[in-house]
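Please open the model in your viewer and keep the sequence panel beside it. The stops below are arranged so that each selection leads to the next.

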Amino acid sequence: MTHEQALAFSLIGAVVALLIWDKLRYDIVALLGLIAGVVIGIVPAKEAFSGFSDDIVIIVGSALVVSAGVAAFNN
């Protein structure tokens, strides 16, 4: 296993642990994971936010906003 692979698996493990711990919101955990990936050099800084140009990210984000609105309306 290379050094980069070990860093990547460690980062994934840390993100999964934070998600299981459930003290931080999942979007904050994802952002922290992305920032950590850039800081330790796994993710190139120029490509860190390139995933937001994909249509599926907009669709998932919209679905989360709609579901939060429905949940707030029902309470």
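A salt bridge is a side-chain nitrogen of Lys or Arg within 4 Å of a carboxyl oxygen of Asp or Glu. With that criterion in hand, please note before starting that the model is predicted.

**Colouring by confidence**

Colour the chain by pLDDT. The average over the protein chain is 94, and 100% of the residues score at least 70. Among the elements, α1 has the highest mean pLDDT, 97, while helix α3, residues 55-74, has the lowest, 92. Where pLDDT is low, predicted coordinates should not be read in detail.

**The salt bridge**

Select R25 and D27 and show their side chains. A search of the whole structure finds one salt bridge. R25 forms a salt bridge with D27, and their closest N and O atoms are 2.5 Å apart; this distance satisfies the 4 Å cut-off. R25 belongs to the loop between α1 and α2.

Are R25 and D27 alike in their exposure, or unlike? R25 counts as exposed because its relative accessibility is 55%, a value over the 50% cut-off. D27 is partly exposed, with a relative accessibility of 33%.

Keep R25 selected and add V60. These two residues are 35 apart in sequence, and their C-alpha atoms lie 16 Å apart in space.

**Helix α1 and the residue after it**

Select residues 3-21, which make up α1. This helix has 19 residues and reaches 27 Å from its first C-alpha to its last, close to the 27 Å expected at 1.5 Å a residue.

Next, select D22. What is the sign of its phi? Just after α1, D22 takes a positive phi of about 60°, and D22 is a residue other than glycine. Most residues other than glycine have a negative phi. D22 is located in the loop between α1 and α2. With a relative accessible area of 58%, D22 is exposed.

**Helix α2 and its buried face**

Select residues 26-40, helix α2. Its 15 residues should span 21 Å at 1.5 Å a residue, and the C-alpha atoms at its ends are indeed 21 Å apart, so the expected and modelled spans agree.

Which residues of α2 are buried? Highlight V29, G33 and G37, which are buried in this helix. Now turn the view to look down the axis of α2: its buried residues fall within an arc of 75°, so they line one face of the helix. An α-helix has 3.6 residues a turn, so residues three or four places apart point the same way. The partner of this face is α1, against which the buried residues of α2 pack.

To look at one position across the two helices, select A8 and G37. A8 is in helix α1 and is partly exposed, at 23% relative accessibility. The C-alpha atoms of A8 and G37 are 7.9 Å apart, although the residues are separated by 29 positions in sequence.

Finally, move to the residue that follows α2. G41 is found there, with a positive phi near 95°.

**The loop between α2 and α3**

Select V43, which is in the loop between α2 and α3. V43 is partly exposed, having a relative accessible area of 25%. Which residues does V43 contact, apart from its neighbours within four places in sequence? They are L34, G37, V38 and A48. Add A8 to the selection once more: V43 and A8 are 35 residues apart in sequence and 9.5 Å apart in space, C-alpha to C-alpha.

**The aromatic pair**

For the last stop, select F49 and F52 and display their rings. The structure holds one aromatic pair. F49 and F52 form that pair, which is stacked, with 5.9 Å from centre to centre and 20° between the planes. Are these two residues buried or exposed? F49 is exposed, and F52 is exposed as well.

Note on methods:
Residues are numbered from 1 along each chain as its sequence is written. This is a predicted model: local features need pLDDT of at least 70, side-chain atom pairs count only at pLDDT 80 or more; totals for chains, interfaces and linings use all residues. Side-chain values use heavy atoms; hydrogens and water are left out. Helices (H or I, at least four residues) and strands (E, at least two) are DSSP runs, numbered from the N terminus. The expected span of a helix is 1.5 Å times one less than its number of residues. Buried means under 20% relative accessible area, exposed over 50%, partly exposed in between (1.4 Å probe, protein chains only). The arc is that of the directions from the helix axis to the C-beta atoms. Contact means heavy atoms within 4.5 Å. pLDDT is the predictor's confidence in each residue, from 0 to 100. Rings of Phe, Tyr and Trp (its six-membered ring) pair if their centres lie within 6.5 Å; planes under 30 degrees apart count as stacked, over 60 as edge-to-face and the rest as tilted.
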